Amino acid sequence: MAPVPDPNNVGGGAKRDEATTKVPSKDPKKKDDKKEEDLSEEDLELKQNLELYVERVQDPNPELQKAALESMRQEIRASTSSMTSVPKPLKFLRPHYGTLKEFHKNMVESDLKKLLADILSVLALTMSAEGERESLGYRLTGSGGDIGSWGHEYVRNLAGEIAEEYTMRQSEEASVDDLMDLVKQIVAFHMKHNAETEAVDLLMDVEDLDLLLQHVDRANFRRTCNYLTSSAKYLPGPDDMLVLDIAYMIYMKFEEHPNALQVALFLDNMQYVKQVFTSCTDLLKKKQFCYMISRHGITFELDPEMVADKDDRDILQDIVNNTKLSEGYLTLARDIEVMEAKTPEDIYKAHLLDGRASSGPSVDSARQNLAATFVNAFVNAGFGQDKLMTVPSDAASGSAGNWLFKNKEHGKTSAAASLGMILLWDVDAGLTQLDKYFHSTDNPVLAGALLGVGINNCGIKSDCDPALALLGEYIDNEDSSVRIGAIMGLGIAYAGSQNDQIRSSLSPILNDATAPLDVIAFAALSLGMIYVGSCNEEVAQSIIFALMDRSEAQLGDALTRFLPLGLGLLYLGKQESVEATAEVSKTFNEKIRKYCDMTLLSCAYAGTGNVLKVQDLLAQCGEHLEKGDIHQGPAVLGLAMVAMSEELGLDMAIRSLERVLQYGEQNIRRAVPLALGLLCISNPKVNVMDTLSRLSHDTDSEVAMAAIISLGLIGAGTNNARIAGMLRNLSSYYYKDASLLFCVRIAQGFVHMGKGLLTLSPFHSERLLLSPTALAGIVTLLHACLDMKSIILGKYHYVLYFLVLAMQPRMMLTVDENLKPISVPVRVGQAVDVVGQAGRPKTITGFQTHSTPVLLAAGERAELATDKYIPLSPILEGFIILKENPDYREE
Amino acid sequence: MLTVSVKWQKKVFEGIEIDVSLPPYVFKAQLYDLTGVPPERQKIMVKGGLLKDDADWSSIGVKDGQKLMMMGTADEIVKAPEKAIVFAEDLPEEEQATNLGYSAGLVNLGNTCYMNSTVQCLKSVPELKSALSNYSLAGRSNDVDQTSHMLTVATRELFGDLDRSVNAVSPTQFWMVLRKKFPQFSQLQNGMHMQQDAEECWTQLLYTLSQSLKAPTSSEDSDAVKALFGVNLRSRVHCQESGEESSETESVYSLKCHISHEVNHLHEGLKHGLKGELEKTSPALGRTAVYLKESLIDSLPRYLTVQFVRFFWKRETNQKAKILRKVDYPLELDIFDLCSEDLRKKLEAPRQKLRDEEGKKLGLQPKSSSKDSDVKMTDAEAPSNESGESSTAAQQEGGSSEKGTLHMTGIYDLVSVLTHKGRSADSGHYVAWVKQESGKWIQYDDSYPSIQREEDITKLSGGGDWHMAYIIMYKARFVSM
């Protein structure tokens, strides 16, 4: 080491300083110098030194060799830290790279050879030819040692070469042990130096994410997991599951239970969910978990292993069963002061329109009254009071009874059922109010009461199973409208529950040759909902047999589409699991075969963002078919279902749909507005709003109807003034066309759903989780909208109530340790994507400070604006339990 | 013995004892005491099933301390209203039409919008409709030719069809008869019927109707159309050169609104239209001289028609060119200063009365504090109102305005506008804008009626390429005395 001339080092240092700090002022002048003398004095000296070292390396004297190598290393290390340009030593050594390589090859095995290999490995960083991976090669033959001593760029380059080498060796089935050693070093280095993303990338390349577990620590596990979960969306299966598995394990390792639970729910892995409960000891936290599970809308039984104490377990189970949802929602409504019931006229705002104010028609129109029934139901959903159906009973003999009878025949079904919607989630009050209709001798009214019980119980579970007890009796009623009411009610109330008792009573209907088609269709749909995403073989079998039994004429019926849909719902989001059934569906009658195929494919890959499936579906839409083929409708919807999960894919899908709209056939054009509605549900993006507004004046009335309904869907629960204005104008534009006007009214009801407190978005927890039941409800409605005239405008308008499955308060309600609501200041703003960013970046922008409870719009995020409390979940949505901060001190 | 708790509505009844040896009906009777819900109305839910009255407790498997849920109310059961509700969808087509509040449109048979808009405007005159409905072949005067008769009948039928139908009516029959009567409307251009001047159609149709609707007695007064639309003008013709002066009277069906550079408002145009120069042989001078003719209105019609003279024959292009100048017209027109002295005197009292009534409407509510004269006024009004109503009824039967106690005031309200859009009378598009009895304005654009705002009606005054008023019709405002 001694022979290293100190001045050189100093010189090198000085030169570096000059290069880094004085560049701005001296740059032009220096360039001139270079042109004249080629090199500055210092550089020249460095160059001469390096040349000397190169010569000495080749000296037979090992001492001299060693000294030269050491000095060379010193030079390189001293300079590699600045990466604005190719470091000087590397530049000067460039002409000698070949010489050194040659010499290295002929050297005998020794420490010196390793030393030289180290240096060559670094030199290869800039000099080796593309794809040669020389840097890696020399590194492997070198002396090892601290990998970081050569700087970040070297490590990064090495990581890249390892990935390449790894794939090559995998294909040759060669051993990768030596590489893995290196990987370990690199990962350790990256994780220590805030480069978690690179560490994860490398490990994904070499398929050994488990390594990550050893290297994460308190400081970096959040960023790591954040990167893992968000990259999962872009990975092909089964890698995505693997990545999430790791994320789950990391969260568990650091006892970040709420996050771990989220991942577990995403994976739909009940074992993991259970594990979260068993490994957490804090009862309060468990309560928070229960709130999260209840929002996801799955049926979940707590067992003594998860919560030992019986009383505690009862409290927790109550939370999971959503029994307090109604209370929380009403707290929000009272706080925002929207308890006052609204009438349909308050929504239509006809007085803002030209000329036709205050000229109510003298005669009741059944169609208009039916629309008013729906608007009233959606707008006052969950508030427990309205001005049509729940008018106090002393006036009832006059008005409450009357409104019901202002609806015609099957309209009465929807009217009676609307009571269930108005009293949504409040089972006790709901049953009390619906009771009077149970004694009606009018079949449509009874059917409505049954459906109303189902709607009322949507998402709420109870030990007594009131819905099953009440509806079970009517499944085999002789009147088919009553049967449908009961069947649909069960489907809504028990969606996702996989209740065996219901299956055993509904399955026989499917294969009953005497049952009418509509009963069979609704039975298939309800089974699909109850077993949503379960891949249940037996249910699948029954629906398949039912499909095979249909006659040619029945297959052409609009309602037959619910059979494949019911089948599809069984595999919602389950990807490959659908393949066996899809194979069977190829044997169906050709009238339904393709339709079934598209429905199964789109359901199975719903919410996965799978690009290949999107392409498959797009290809289907590209074909120009003979008249009468209807399978392109579900293909277009499928496009939206698959692509809806993440922002990038969603935007791409919107653009693809625009294209499809221009070149597609009529049956495709009719589905496009619906697909747009699904993609932006409860998220009124301006570009989509404009497209739909344009389509709402389309010459094809079915396109216009679909566009109008979709305008309602994208604005659902937002009270969006622009959409409300558009719809108002449409209502005056279409005032003579009863069908279109009906659609406009329904859309108006959607926009003001829950007076703006509800959302239909099936995504929650910062758009990570997709509630399967919610999606099932929306998809069912959209499929029904594919043939608007025969279903919604016909006598099956009550399918609109399937949306109740997706209706959730878009609130953030803070509760204290006793689950009583408390008001704290929070900041609400637009969410910022912080994945892959270093440090602790701000997660929201353009925020405003409010007091809880607050409403969260699509793409918004909340954070506590006080240190007094600690939230028990990092995702501030829905019910959030706050714990007092022990370290908090009043200022 | 089992002890259970029962949840009913929001209440929970704790510690209810069940005697398992007795049927569940007994248990229900227990609950009846607690809740007041009769047993047959009770629904008790036990683990996904309902409790049957005659079930066996042991097979149900109710455990000690279990929570049961009961549904049921003692409320009255909802009954359907005795009188079934009638829905618009169930009504026959005609009744649906009346519910819309306005009548159907007319199908365009190929450049027939001039005719459609004319028909729609004239249809808005109920008196004309009733006169037509009284028309019969037997009663017609002998000097009416066959085609006029046919046209009158066709008009009556068309008006009837329009009132009955919801969907647009096709005026085929009317059109054929119209062309038969007035062959000029059958002009062809490139194999298509040409666009025609709506004013011509209007005038010709009205003339035909007035001829055929004349009462058989054939006296001037019984001319129903004339009573409705006719304006008597008294003109003073005088020659400045010779100082000769003469006066003459004439009867016209419409006033002309001449449009020149200084005309910005209907009123100015009307004044302009009532003054004219004409050349005729002067007996005093023995040659042709320029005479100045100044006309004043001598009697007022129930419906005052004003034609905007927007078209003039342009020799260079050989077509009727259009004046696009904006001429405002009011929703309420006062033509008092266009009237002759005699008429003005007649109008003064009714006008005073009208002003008083309006003043009363606007303010001066407290009757107790008002002067004696005011009280007298209100006293006087009550009986007159009654008589007013009866006279309205009388007039609907075709009586003239001079009868009864209703008096003209010289004030008119706009009821229909026929507009033209385009640059020449024989091209472009004609549309009718008609005020309904309900006060709503309807635009009849051939087969599409649509509701319009009143403030948009006054915007049809021209000055651009938008629809502009060509013929407008005002209805007289009466005051009962």
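**Entry 1: the A/B interface**

I started with the area between the two chains in this predicted model. Chain B and chain A bury about 3400 Å² between them, and carbon and sulfur atoms account for 61% of that area. I then asked which three residues of chain B supply more of its buried area than any other three. They are Met71(B), Val78(B) and Phe87(B), which together give 19% of what chain B buries against chain A.

Next I looked up the contacts themselves. On the chain B side 38 residues take part, and they touch 42 residues of chain A.

**Entry 2: charged and polar pairs across the interface**

How many salt bridges are there between chain B and chain A? I found three. I wrote down the one in which Lys7(B) pairs with Asp428(A), with 3.0 Å between the closest N and O atoms. For residue pairs in polar contact between the two chains, with both residues at pLDDT 80 or more, the count is four.

I also wanted to know which elements of chain B make up its side of the interface. At least two residues each come from β3 (43-46), β4 (49-50), β5 (67-71), α3 (93-100) and β20 (448-452) of chain B. The largest share belongs to β5(B), with four residues. Sorted by character, the chain B residues that touch chain A are 19 nonpolar, seven polar and 12 charged.

**Entry 3: a four-stranded sheet in chain A**

I moved on to chain A and its open sheet of four strands, ordered β8-β5-β11-β10 with mixed pairing. Why do β8(A) and β10(A) each have a side without a neighbour in the sheet? The reason is that β8 (854-855) and β10 (869-871) of chain A stand at the edges and each has a single partner strand.

Within this sheet I followed the pairing of β5(A), residues 811-815, with β11(A), residues 878-884. These two strands are parallel and share four bridges. For a spot to click on, Met812(A) stands opposite Gly878(A) in β11(A).

I then checked what lies across these strands. Helix α19(A), residues 325-336, lies across β5, β8 and β11 of chain A, and it runs at about 105° to β5(A).

**Entry 4: a three-stranded sheet in chain A**

The other sheet I looked up is open too, with three strands in the order β7-β6-β9 of chain A and antiparallel pairing. Here β7(A) and β9(A) are the edge strands with a single partner each, so one side of each is left without a neighbour in the sheet. Neighbouring strands are turned by 30° against each other on average, direction ignored.

I went through both pairings of β6(A). Strand β6(A), residues 825-831, is joined to β7(A), residues 844-851, by six bridges, and Ala831(A) stands opposite Ile844(A) there. With β9(A), residues 860-864, β6(A) shares five bridges, and the bridge partner of Val828(A) is Ala862(A).

**Entry 5: salt bridges overall**

My last lookup was the total over all chains, which is 47 salt bridges. I picked out one within chain A: the side chains of Lys685(A) and Asp651(A) meet at 3.3 Å, N to O. Lys685(A) sits in the loop between α39 (666-679) and α40 (686-695) of chain A, while Asp651(A) belongs to helix α38(A), residues 647-663, so this pair ties together parts that are 34 residues apart in sequence.

Terms used
Residues are numbered from 1 along each chain as its sequence is written. Chains are lettered from A and ligands numbered from 1 in the order in which they are written. This is a predicted model: local features need pLDDT of at least 70, side-chain atom pairs count only at pLDDT 80 or more; totals for chains, interfaces and linings use all residues. Side-chain values use heavy atoms; hydrogens and water are left out. Contact means heavy atoms within 4.5 Å. Buried area is the accessible area (1.4 Å probe) that two parts lose on being put together, summed over both. A salt bridge is a side-chain nitrogen of Lys or Arg within 4 Å of a carboxyl oxygen of Asp or Glu. A polar contact is a pair of N or O atoms within 3.5 Å; within protein, one must be able to donate a hydrogen and the other to accept it, and residues adjacent in sequence count only if both atoms are side-chain atoms. Ala, Val, Leu, Ile, Met, Phe, Trp, Tyr, Cys and Pro count as nonpolar, Asp, Glu, Lys and Arg as charged, and the others, Gly among them, as polar. Two strands pair if DSSP finds at least two bridges between them. Axes are lines fitted to C-alpha atoms, for helices over the stretch in contact, and angles run from 0 to 180 degrees between N-to-C directions.
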